[in-house]
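Visitor: I am new to protein structures and would like to learn how to read one. Could you walk me through it?

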Amino acid sequence: MSTLDYVVLLGTLVGIAVYGMWRTRSSGGLQGYLKGDDSIKWGTIGLSVMATQASAITFLSTPGKAYDDGMGFVQNYFGMPFAIIFICVFFIPIYRRLNVYTSYEYLGQRFDSKTRYLGAFLFLVQRGLAAGITIYAPAIVISSLLGWNLDLTIVLVGALVVIYTVSGGTKAVSITQRYQMGIILIGMFVAFAMIIGNLPEDVSFASALSVAGAMDKLEVVNFSFDIEERYTFWSGLFGGLFLSLSYFGTDQSQVQRYLAGSSVSASRFGLLFNAVVKIPMQFFILFVGVMVFVFYLFEEPPVFFNQATLDVVSETEYAAEMVTLQERYASVVGERAVAVRQLALDLGAGDESVIAASKERAVALESQALAVRADVKELIGKAGEDLEAKDSDYVFITFILNYLPEGLIGLLVAVIFAAAMSSTASELNALGSTTMVDFYRRIAKGGQTDAHYVLVSRILTAAWGGLAIFFALYANLVENLIEAVNILGSLFYGGILGMFLVAFFVKSVRGTAVFVSAIISQLTVLIMYNTLEIGYLWYNLIGCGLVMMLSYILQMTVFRNGGKEEQA
Amino acid sequence: MTELDKKKQEPENAPVFGSWRRVYWFVALFFVVEVIAFYLFTQYYS
């Protein structure tokens with residue numbers, strides 16, 4: 001990166017953080033610190049909810065996923081619009097009427113203290129781990145490509161987030177997210193324009209689309225009923241519905257965003273904004289990844305996108321074998337480029353039999369290229385057990401660093417870090433709030449002043465920030481990063497959602513029954529995940545269904561004569 | 001809905017389309033249109 005890139009990067013990230021702190025320098029008591037004085041408008045809520053969900057992982061992993069597997073991942077979000085409608089109808093009016101700070105307060109009011117603690121505890125475990133991954137993801141990718149010190153990158157990015165989140169609370173988080181999201185959207189459109197601009201002159205956008213389709217990268221919807229396929233219309237609609245219901249309805253990092261709204265309408269409209277724009281946005285990000293794939297059909301891509309890993313292999317006994325594979329790859333992708341260019345021409349001409357022959361040749365060469373890449377990954381695995389043999393998270397950023405002009409590289413790296421910071425800020429804000437409201441205020445101290453609670457909230461937020469940075473420092477790259485976060489969420493969210501749905505809709509069930517059911521279902525889900533091959537989205541549905549069914553059965557049998565529990 | 005949830009309903013107007021019910025229908029129909037568009041897109045380029 002050049003000096004100009006560093007100026008753009010630091011100016012963007014530090015500028016937004018400082019502006020957020022300045023705007024919230026006079027935030028008042030606990031209500032202001034944790035709920036932004038209920039003053040946030042729907043537009044800011046909408047962008048804040050979007051920025052919370054869209055972490056750096058979204059912008060690193062998603063294009064890489066499309067590069068490898070095409071557009072099918074967008075189906076993951078198909079349940080989201082219906083989940084948000086459900087939340088607008090049932091959850092938001094209740095949360096706002098009860099004037100709760102956290103969603104788990106509702107569990108306490110509806111059931112009892114232990115159920116509230118369990119819900120809050122599951123959230124803290126799941127979100128605490130995810131916060132570490134959120135910081136780690138961009139740091140590992142960008143530091144390895146730019147030669148930065150990984151630990152220093154993690155600490156600097158984490159510290160910047162902690163400073164403005166601790167300083168300004170919920171309002172600072174929402175205000176900074178508005179500008180971070182603006183930078184992210186501008187950056188992604190710029191990247192897309194640059195990819196299209198970098199295609200060969202004789203390959204039009206329409207030809208690029210046709211080539212991507214011919215290479216099976218544009219299958220957006222898949223109506224297969226195979227439960228082992230990760231992304232289908234049905235798993236996205238039903239599994240995604242439960243994942244989104246739990247994420248937007250019960251995860252404090254999202255609930256806190258819309259509870260800060262100036263009215264029920266502001267909260268609802270901010271969320272519904274996401275119900276409309278999220279799927280097109282994900283489609284666009286995946287589409288950017290597919291266009292990177294098309295771009296690399298005409299340019300020679302690296303045989304493996306994580307250069308740092310290749311450098312390590314080159315120091316081992318497998319170096320010569322790697323060089324051979326790289327030479328073979330260069331030869332295959334060279335032939336592939338010629339075949340794809342011919343395919344693009346033939347697609348323009350429209351002769352079906354000629355197109356079929358060209359496509360067959362291009363696809364065969366693509367298969368050969370994939371086979372070489374598979375050999376490279378196998379060799380990397382042999383060269384070192386600690387070496388990560390997946391490179392999809394490095395695809396998009398490699399393109400940015402190699403093909404974008406000075407200044408824009410800084411902007412796009414800022415996009416990645418802005419996304420990481422916006423998500424982390426929400427997570428830390430929510431972790432601090434939940435620990436404060438659901439544990440500290442109830443267990444440790446009662447009847448203190450507002451200023452005391454604000455101070456403790458700041459300390460807790462900072463402590464969670466420190467813990468997230470610690471996790472990030474000791475994390476290892478796990479499969480595809482965005483999937484790691486979604487898998488982690490899917491294992492916990494179903495049970496939490498089940499507790500809330502029982503609270504809302506099954507009047508006869510009391511706290512002890514739902515508490516025991518939630519623990520049994522959580523253990524069951526963890527065992528199933530470790531023993532069965534089921535698409536992870538289904539665990540949202542399984543966990544939720546188990547809690548609802550078990551709690552009803554237990555209430556009707558074992559706890560039938562149980563008295564009314566203590567409300568919290 | 002449980003008793004705790006039925007205490008009081010806040011009257012409020014949707015900022016567009018006249019009622020929240022219509023806003024929800026709009027979101028649902030928008031999704032259906034999206035899926036149809038994705039399906040046609042998939043078919044066209046497969």
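**Domains and interfaces**

Guide: Happily! Let us begin with how the chain is divided: in this predicted model, chain A has a domain 1, made of 3-19 + 41-296 + 400-475, and a domain 2, spanning 307-387.

Visitor: How far apart are the C-alpha centres of domain 1 of chain A and domain 2 of chain A?

Guide: Those two centres are 33 Å apart. Where the domains touch, twelve residues of domain 1 of chain A and 13 residues of domain 2 of chain A take part in the contact.

Visitor: What area do domain 1 of chain A and domain 2 of chain A bury between them?

Guide: The pair buries about 1000 Å², with 64% of it on carbon and sulfur atoms. On the domain 1 side of chain A, three residues stand out: V211(A), A214(A) and M215(A) give 42% of the area buried against domain 2 of chain A, more than any other three residues.

Visitor: How many salt bridges cross the interface of domain 1 of chain A and domain 2 of chain A?

Guide: To find one, look for a side-chain nitrogen of Lys or Arg within 4 Å of a carboxyl oxygen of Asp or Glu. By that rule, two salt bridges cross this interface. A good pair to look at is D68(A) with R373(A), whose side chains form a salt bridge at 3.9 Å, N to O. Searching the whole structure gives twelve salt bridges over all chains. D68(A) sits in helix α4 (residues 56-69) of chain A and R373(A) in helix α15 (residues 352-383) of chain A, so their pairing ties together parts 305 residues apart in sequence.

Visitor: And which helices of chain A each supply at least two residues of the domain 1 side that touches domain 2?

Guide: Before the helices, add that two residue pairs are in polar contact between domain 1 of chain A and domain 2 of chain A. The helices you ask about are α7 (113-146), α9 (205-214) and α12 (264-298) of chain A. The largest share, four residues, belongs to α9(A). Sorted by class, this side of domain 1 of chain A has seven nonpolar, three polar and two charged residues.

Visitor: How many residues do chain B and chain A bring to their contact?

Guide: Chain B brings 29 residues and chain A brings 41 residues. Together they bury about 3100 Å², 74% of it on carbon and sulfur atoms. Between chain B and chain A the count of salt bridges is zero, while two residue pairs are in polar contact. The side of chain B that touches chain A holds 17 nonpolar, four polar and eight charged residues.

Visitor: Where in chain A is confidence lowest, and where is it highest?

Guide: Start with the whole: chain A has a mean pLDDT of 87, and 96% of its residues reach 70 or more. Confidence is lowest in helix α2 (residues 30-35) of chain A, with a mean of 79, and highest in α12(A), at 94.

Note on methods
Residues are numbered from 1 along each chain as its sequence is written. Chains are lettered from A and ligands numbered from 1 in the order in which they are written. This is a predicted model: local features need pLDDT of at least 70, side-chain atom pairs count only at pLDDT 80 or more; totals for chains, interfaces and linings use all residues. Side-chain values use heavy atoms; hydrogens and water are left out. Domain bounds come from an automatic or database domain assignment. Contact means heavy atoms within 4.5 Å. Buried area is the accessible area (1.4 Å probe) that two parts lose on being put together, summed over both. A polar contact is a pair of N or O atoms within 3.5 Å; within protein, one must be able to donate a hydrogen and the other to accept it, and residues adjacent in sequence count only if both atoms are side-chain atoms. Ala, Val, Leu, Ile, Met, Phe, Trp, Tyr, Cys and Pro count as nonpolar, Asp, Glu, Lys and Arg as charged, and the others, Gly among them, as polar. pLDDT is the predictor's confidence in each residue, from 0 to 100.
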